[in-house]
Amino acid sequence: MKRLSLLALMLGFMLHAAAVGISANALVADKSIKKLYLFIVQDEHYGYVQPLDSIEVTDGKFSFHNDTLTSRLFFISPTFDLNDMEACFEQGSYLFMANGENQLTIAKNNKGQLMVNNPNVELSNLYVTFKHQKDSAGDKQRLDSLDQLFYAARERNDQREMQRLKESTGDIYDRAYENQRKWLNKEIERQQGTPFGLYLYYTYRLQHANITNKDELTWARQAVEGANAEARQTWYYKLATEKLDAAALTVAGQMAPAIVGEDKMGKPVSLANFKGKYVLVDFWSSSCTWCRKETPVLLKTYKAFKDKNFTILGVSTDFKRAEWLKAIKDDGAIWDHLLLKGNDRKKIMDDYSIVGIPQILLVAPDGTIIAKNLRGNRIFETVKKAVTK
């Protein structure tokens, strides 16, 4: 009896192990397709994808298995060239695959773009419906037509027509974006707690969110931890948890992580060199237009409070030292500056959970973060409140 129980236990374990990860069996209708390229979608909004595998198609079929993957969004294309990613996106298609078996059918439409169907997987069906409704809510067909008119005018270098289109269609774009935003908020709320709801929440709210304080962190954790057991088996639960754990280290009240780089003379400098002062840390780069638009208020703040135990430390992600130095000179940025070097760029950006620049934060004399994500006049007012209290 014990042997039978042990055998049953081992069999159960083997069956469970076989079901780990993602498997796909596909029927490929277009016989011209001999190879397909599968990508992991890192950032759907910006179209960032990471090559995962190339798959040979034999007699209109292929099989795929990866035991480390969990339910998530993929991108698949019949072409892949790092020098021509535009063609990859033009011919490829997004698809949702879930843990376990996925039965795919793949064909091409009359534009040469892949059409991928995964009908037995609920996440895939939800994704297809969502994309269609999202496009409808955002009046995508109309906006695409207007885009084509603008691109045609640009090809002709017709500046007058380009300006006319900008002026006459601005309200149309604004209304479409606002309608889509409202619809998306309702959809995220409606799907809350489900696997697809967690994908929506991470992709459209959390992934690019700047979490600045403990209240924002608590609200985000409640949204993620409210996911059901099935949702917790998706890639998005892992990503969301990692994002929140990292953000927790640099919300207001936490100690500012180390920042080390080179000053304008090429000498080592770090945030620690300014301990004992209020330091406004400005993450920026010379190519970032929005970063440099903050320069006037930064200069105003520096001049107003530089004699009150306060300074500014510009932290640049520039790769070219000459461009960095030129931007400092051109902008009249007369405060202290630091250029991040090599692998330190990514590490420090990750340490501060920075999803985009400019990112401007105020650090207290003892090294704790007072406030994050400061922009415009909030920069001046936050510094004023801190140094004059």
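Student: Let's start with Tyr-236: is it buried or exposed?
Tutor: Keep in mind that we're looking at a predicted model. Tyr-236 has a relative accessible area of 4%. The cut-off for buried is under 20%, so Tyr-236 counts as buried.

Student: And what kind of aromatic pair do Tyr-199 and Tyr-236 form?
Tutor: Tyr-199 is buried as well, with a relative accessible area of 1%. Its ring centre is 5.3 Å from that of Tyr-236, and the planes make an angle of 70 degrees. Over 60 degrees counts as edge-to-face, so the pair of Tyr-199 and Tyr-236 is edge-to-face.

Student: Which helices does that pair link?
Tutor: The two residues are 37 apart, so to speak, in distant parts of the chain. Tyr-199 belongs to residues 195–206 and Tyr-236 to residues 235–247. Those stretches are helix H6 and helix H8.

Student: Which residues do ring pairs link into a cluster?
Tutor: The search over the whole structure turns up 25 aromatic pairs. Tyr-199 and Tyr-236 both belong to a cluster linked by ring pairs. Its members are Phe-96, Tyr-127, Phe-130, Trp-183, Phe-196, Tyr-199, Tyr-202, Tyr-204, Trp-235 and Tyr-236.

Student: Over to the sheets: which strands stand at the edges of the sheet E3-E2-E5-E6?
Tutor: This is an open sheet of four strands with antiparallel pairing. A strand with a single partner has one side left without a neighbour in the sheet, so look for the strands in that position. They are E3 (48–56) and E6 (93–97).

Student: What is the average twist from one strand to the next there?
Tutor: Take the sheet with the order E3-E2-E5-E6. Going from one strand to the next, the twist averages 35 degrees.

Student: In E6, which residue is the bridge partner of Phe-75?
Tutor: Phe-75 lies in strand E5, residues 72–77, and five bridges join E5 to E6 in the antiparallel sense. The partner's ring also pairs with that of Phe-75, with centres 5.0 Å apart and planes at 70 degrees, so that pair is edge-to-face. The bridge partner is Tyr-94.

Student: Of those two, which one counts as partly exposed?
Tutor: Phe-75 is buried, at 1% relative accessible area. Tyr-94 comes out at 23%, and partly exposed runs between 20% and 50%. So the partly exposed one is Tyr-94.

Student: Now the sheet E4-E1-E7-E8: which strands stand at its edges?
Tutor: This open sheet has mixed pairing. Each edge strand has a single partner strand, so one side of each is left without a neighbour in the sheet. The edge strands are E4 (61–66) and E8 (114–117).

Student: How many bridges join E1 to E7, and how many pair E7 with E8?
Tutor: E1 (residues 22–28) runs parallel to E7, and Ala-24 has Asn-102 as its bridge partner there. E7 (residues 100–108) pairs with E8 in the antiparallel sense, with Ile-106 bridged to Val-116 and Lys-108 to Leu-114. The counts are seven bridges for E1 with E7 and four for E7 with E8.

Student: Which residue takes a positive phi in the hairpin of E7 and E8?
Tutor: The hairpin has five residues between the strands. The phi in question is near 85 degrees, and the residue is Gly-112.

Student: Last one: which charged residue sits over the ring of Phe-319?
Tutor: There's a similar arrangement at Trp-290, where Lys-293 lies over the face at 4.4 Å from the ring centre. At Phe-319, the charged end is 4.1 Å from the ring centre, and it belongs to Arg-345.

Methods: Residues numbered from 1 in each chain as written. Predicted model: local features only at pLDDT ≥ 70, side-chain atom pairs only at ≥ 80, totals over all residues. Heavy atoms only, no water. Pairing = 2+ DSSP bridges. Axes fitted to C-alpha atoms, helices over the stretch in contact; angles between N-to-C directions. Phe/Tyr/Trp six-rings, centres within 6.5 Å; stacked < 30°, edge-to-face > 60°. Buried < 20%, exposed > 50% of the residue type's maximum accessible area, 1.4 Å probe, protein only. Lys NZ or Arg CZ within 6 Å of the ring centre and 35° of its normal.
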